[in-house]
Structure formats: structure tokens, C-alpha cells
Amino acid sequence: MLKPHEFNSNEHKIQVIASFNTNQEIKPLYFKYNEKTITVLSCTCEKSNISYVFKCLVESEGYTRYVRLCYYIKLCLWTLIT
């Protein structure tokens, strides 16, 4: 059984639509934050034993900016790091 994950105060659980392939590569495509759907335009990824951390260029309401998303492998859980 998994232990409860302790999140930093700057992490927020989010819903993500992502693409997974057979080479164990993950690409986030969209995520929901504050009831808004955010489009991921591009991203880079750093993988560790417990997570993937993505630096993503995103677009919402005509604006673009960079955000960091984290995928916890064993928990199958996505967070937005603010």
C-alpha cells in the first residue's frame, strides 16, 4: 500500500490529458486549473526515480507562459508547481 504523499505548499493536484508511448515517454497535452483548460504547446522533461518534471510552455486565453508540471509515477498523480 502506498503511503500518503506529502506535497509542498507550492504543489496543486490537477487533471491532465497526456500522451504515453511504448518507450515510456510522457507528453502532457492539456490540463485543468481553476476550471480553465490550459493547452500545452511544448515541454521538456526531467525524469527521476519517483517522478517526471515537465517545464511546459502553455497557452490560455491568448497568453503564453512557462509552468512546471510533475507526474508521480507510483501514485499516477499530476501536480502543478507554482
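**Exercise 1. Strands 6 and 7**

Which residue in strand 7 is the bridge partner of arginine 68? Describe also how the two strands are joined and connected in this predicted model.

*Solution.*
Step 1. The bridge partner of arginine 68 in strand 7 is isoleucine 81.
Step 2. Strand 6 and strand 7 run antiparallel, and 5 bridges join them.
Step 3. The two strands form a hairpin with 4 residues between them, and in this hairpin cysteine 76 takes a positive phi near 55°.

**Exercise 2. The order of the sheet**

State the order in which the 7 strands form the sheet, and identify the edge strands.

*Solution.*
Step 1. The strands are arranged in the order 1-7-6-5-4-3-2, and the sheet they form is open.
Step 2. The pairing is antiparallel. In general, the strands of a sheet pair through backbone hydrogen bonds, in either a parallel or an antiparallel manner.
Step 3. Strand 1 (11-13) and strand 2 are the edge strands, since each of them pairs on one side only.
Step 4. From one strand to the next, the twist averages 30°.

**Exercise 3. Bridges and hairpins from strand 3 to strand 6**

For each successive pair from strand 3 to strand 6, give the number of bridges, one pair of opposite residues and the hairpin connection.

*Solution.*
Step 1. Strand 3 (residues 26-33) is joined to strand 4 by 4 bridges, and the two run antiparallel. Phenylalanine 31 is placed opposite isoleucine 38 in strand 4. The hairpin of these strands has 2 residues between them, and asparagine 34 takes a positive phi near 50° there.
Step 2. Strand 4 (residues 36-47) pairs with strand 5 (residues 51-60) in the antiparallel sense over 8 bridges. Opposite threonine 39 stands glutamate 59 of strand 5. In this hairpin, 3 residues lie between the strands.
Step 3. Between strand 5 and strand 6 the antiparallel pairing extends over 10 bridges. Valine 53 has cysteine 70 of strand 6 opposite to it. The hairpin has 2 residues between its strands, and glutamate 61 adopts a positive phi near 55° in it.

**Exercise 4. Positive phi in two loops**

Glutamine 24 and glutamate 35 have a positive phi although neither is a glycine. Determine where each residue lies and whether each is buried or exposed.

*Solution.*
Step 1. Glutamine 24, with a phi of about 60°, is placed in the loop between strand 2 and strand 3.
Step 2. The relative accessible area of glutamine 24 is 58%. Exposed residues are those over 50%, so glutamine 24 is exposed.
Step 3. Glutamate 35, with a phi of about 65°, belongs to the loop between strand 3 and strand 4.
Step 4. The relative accessible area of glutamate 35 is 73%, and therefore this residue is exposed as well.

**Exercise 5. Threonine 79**

Is threonine 79 buried or exposed, and with which side chain does it make a polar contact?

*Solution.*
Step 1. Threonine 79 belongs to strand 7 (residues 77-81).
Step 2. Its relative accessible area is 0%. The limit for a buried residue is under 20%, so threonine 79 is buried.
Step 3. The side chain of threonine 79 is joined to that of glutamate 11 by a polar contact of 2.9 Å.

**Exercise 6. The surroundings of valine 16**

Locate valine 16 and list its contacts, leaving aside its neighbours within four places in sequence.

*Solution.*
Step 1. Valine 16 is part of strand 2 (residues 15-20).
Step 2. With those neighbours left aside, valine 16 is in contact with Pro28, Tyr30, Phe31 and Trp78.
Step 3. Valine 16 is separated from threonine 44 by 28 residues in sequence and by 16 Å in space, taken from C-alpha to C-alpha.

**Exercise 7. The largest pocket**

What is the volume of the largest pocket, and which residues lie nearest its centre?

*Solution.*
Step 1. The volume of the largest pocket is about 320 Å³.
Step 2. Its lining consists of 17 residues, and those nearest the centre are Tyr33, Ile38, Val58, Arg65 and Val67.
Step 3. Two or more lining residues come from each of strand 3, strand 4, strand 5, strand 6 (63-72) and strand 7.
Step 4. The most is given by strand 6, which provides 5 residues to this lining.

Conventions:
Residues are numbered from 1 along each chain as its sequence is written. This is a predicted model: local features need pLDDT of at least 70, side-chain atom pairs count only at pLDDT 80 or more; totals for chains, interfaces and linings use all residues. Side-chain values use heavy atoms; hydrogens and water are left out. Contact means heavy atoms within 4.5 Å. Two strands pair if DSSP finds at least two bridges between them. Axes are lines fitted to C-alpha atoms, for helices over the stretch in contact, and angles run from 0 to 180 degrees between N-to-C directions. Buried means under 20% relative accessible area, exposed over 50%, partly exposed in between (1.4 Å probe, protein chains only). A polar contact is a pair of N or O atoms within 3.5 Å; within protein, one must be able to donate a hydrogen and the other to accept it, and residues adjacent in sequence count only if both atoms are side-chain atoms. On a 1 Å grid over the protein atoms alone, a cavity is a set of points where a 1.4 Å probe fits but cannot get out, and a pocket is an open set with protein on both sides within 12 Å along at least five of seven lines; lining residues have an atom within 4 Å of a point. Grid points are joined across faces, edges and corners, and a volume is the space filled by probe spheres set on the points.
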